[in-house]
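Ready for a few hands-on exercises? Open your viewer, try each task yourself, and then compare your steps with the worked solution.

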Amino acid sequence: MKIGFIGLGNMGAPMAANLAAAGHTVVGFDLAAPAPKGVSMADSGPDAAKGVDAVITMLPNGAILRAVANEIIPAMDAGALFVDCSTVDVESARAVAKQAVAAGLAPVDAPVSGGTTGAVGGTLTFMAGGPDDAFKRADPLFDIMGQKAVHCGPSGNGQAAKICNNMILGATMIATCEAFALADKLGLERQSMFDVVSTSSGYSWSMNAYCPAPGVGPQSPADNEYKPGFASELMLKDLRLSQQAAEAVDADTPMGERATALYAQFVEDEDGLGMDFSAMLPRFEKLGRS
Ligand code: NAD
C-alpha cells in the first residue's frame, strides 16, 4: 500500500518505520519531527495524504486531529482509508469520521495501548471503531504495527474502549498504591503483600504485571526509579477524556473522577510530571491521612 503518515512523534515514528520495513511505501509529515527510517517526507499534511491508499494519523489531541482532518480530507482520493490512532475525545473521533464518510473515505478510529515499547516492537493493541469494511482493510496494517486489534463497533467506539480501559487502570493503580502504603504502615512485608494479593481477589494488571513496588513482582518502572513507562501526565490526559465523555452522556463515574483529581494533583501540584504513573506509591508513602 501507499500510506501517508501524519504525526511522527514518540509513537508515530516507530509505527511508520515498521510499516515501511514491512514493504509499504510510507510518506510522512510532521511539523517538527525528523523522518523515521524508510519514510520519505512530504512538505505538508495534504501532500502526504494525496494519492495514497491510506492515511494514518498519530497526533496529540482532538483539536489537532480536527484541524489536520480539515486540511487532508479534501486532498485524499475517494475510497481511501483514514485511520486515526491518536487518543482523542469520542466527540472529535465521531465528528472526523462523519466528515470522512461524507467525503467518500473509510474512517477507523484506532487508539492504541502498549506505549512506545509496543510501538517500537510492533506489539501494540488497537481498539478500533468504524464500518466493518474499513476495519477489515485496516486490519493488515494493525497486524504489522501491533499484536492484536479489536473491532469495538461503529466510529468512536475505539476511543470509548480506550478511555474506559484507562479509567479502570488509573483507579486500580491508585488502589494498589494506597494499599501498599497502608500495608507498609501495618508492618506487612511488600513481598508478602504481593504474594497474597497477586493470587487473591485484589489482583489486577497494576499489581501482577506492573507492580508499583520496587524489587517486588515482575520488572516494572518501579525498578527503574519510576522513569516511564506510561507517564503520569498521559494517564491524566486519558482520565480527563474519560470524565469529558462521562459528562457528555451523563454517566456517574465517581472512581474515575477521584482518580482524575489525584493524578491532576500529582502532575500539577506535586512531583508527578515526567514520572511513571505507578509513582503514586512513593507519593502515598510520604502522606498521612490529612
Ligand atoms: P508526541 O508528542 O511524541 O507526537 C505527536 C507528534 O505530532 C509530534 O511529533 C508533533 O510535532 C506532531 N504534530 C502536532 N501537530 C501536528 C500537525 N498539525 N501536523 C503534523 N504533525 C503534528 O506524542 P506521542 O507520545 O507520539 O503520542 C501520540 C498520540 O498517541 C497521543 O494522542 C497519545 O495520547 C497517544 N498515546 C501515546 C502513548 C505513549 O506512551 N506515548 C501511548 C498510547 C497512546
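The exercises below deal with a predicted model, going from the sheet to a helix, the ligand and two single residues.

**Exercise 1. The sheet**

Task: Find the order of the strands in the open sheet, and say which strands stand at its edges.

Solution:
- Step 1. Begin with E1 and E2 (residues 25-29), which pair in the parallel sense over five bridges. Within this pair, Ile 3 stands opposite Val 26, and Gly 4 stands opposite Val 27.
- Step 2. Move on from E2 to E3 (residues 40-41): these two strands are also parallel, with two bridges. Here Val 27 has Ser 40 as its bridge partner.
- Step 3. Extend the search to the whole sheet. Its six strands run in the order E3-E2-E1-E4-E5-E6, with parallel pairing. E3 and E6 (106-109) are the edge strands; each has a single partner strand, so one side of each lacks a neighbour in the sheet.
- Step 4. Look at how the chain gets from E1 to E2. Together with helix H1 (residues 12-21), the two strands make a right-handed β-α-β unit.
- Step 5. Check the burial of E2: four of its five residues are buried, leaving the strand mostly covered.

**Exercise 2. One side of a helix**

Task: Which residues of H3 (residues 62-72) are buried, and what do they pack against?

Solution:
- Step 1. Apply the cut-off for burial, which is under 20% relative accessible area. In H3, the residues that pass are Gly 62, Leu 65, Val 68, Ala 69 and Ile 72.
- Step 2. Look down the axis. These residues span an arc of only 125 degrees, which means that they lie on the same side of H3.
- Step 3. Recall the helix geometry: with 3.6 residues a turn, an α-helix has residues three or four places apart pointing the same way.
- Step 4. List the packing partners of the buried residues. They are the strands E1 (2-6), E4 (54-57) and E5 (81-84), along with the helices H2 (45-49) and H4 (90-102).
- Step 5. Finish at the start of H3, where a side-chain oxygen of Asn 61 comes within 3.1 Å of the backbone nitrogen of Ala 63.

**Exercise 3. Around the ligand**

Task: How many residues surround the ligand, and which are the closest?

Solution:
- Step 1. Count the surrounding residues: there are 24, and the closest are Asn 10, Met 11, Asp 30, Leu 59 and Lys 237.
- Step 2. Look for backbone contacts to ligand oxygen atoms. Met 11 has a backbone N or O atom 2.8 Å from one such oxygen, and a polar backbone atom of Thr 87 lies 3.0 Å from a ligand oxygen.
- Step 3. Turn to side chains. An N or O atom in the side chain of Asp 30 is 2.7 Å from an oxygen atom of the ligand.

**Exercise 4. Two residues**

Task: Is Gly 23 buried or exposed? Is Ser 242 buried or exposed?

Solution:
- Step 1. Locate Gly 23 in the loop between H1 and E2. Its relative accessibility is 59%, so Gly 23 counts as exposed.
- Step 2. Compare sequence and space: Gly 23 is 22 residues from Met 1 along the chain, and their C-alpha atoms are 8.4 Å apart.
- Step 3. Go to Ser 242 in helix H10 (residues 232-248). Ser 242 has a relative accessible area of 5% and is therefore buried.
- Step 4. Inspect the surroundings of Ser 242. Its side chain makes a polar contact with that of Gln 243, at 3.1 Å. Setting aside neighbours within four places in sequence, Ser 242 touches Ile 163 and Met 167.

Notes: Residues are numbered from 1 along each chain as its sequence is written. This is a predicted model: local features need pLDDT of at least 70, side-chain atom pairs count only at pLDDT 80 or more; totals for chains, interfaces and linings use all residues. Side-chain values use heavy atoms; hydrogens and water are left out. Buried means under 20% relative accessible area, exposed over 50%, partly exposed in between (1.4 Å probe, protein chains only). The arc is that of the directions from the helix axis to the C-beta atoms. Contact means heavy atoms within 4.5 Å. A polar contact is a pair of N or O atoms within 3.5 Å; within protein, one must be able to donate a hydrogen and the other to accept it, and residues adjacent in sequence count only if both atoms are side-chain atoms. Two strands pair if DSSP finds at least two bridges between them. A crossover is right-handed if, with the strands pointing away from the viewer, the path from the first strand over the helix to the second runs clockwise. A residue is near a molecule or strand if one of its heavy atoms lies within 4 Å of it.
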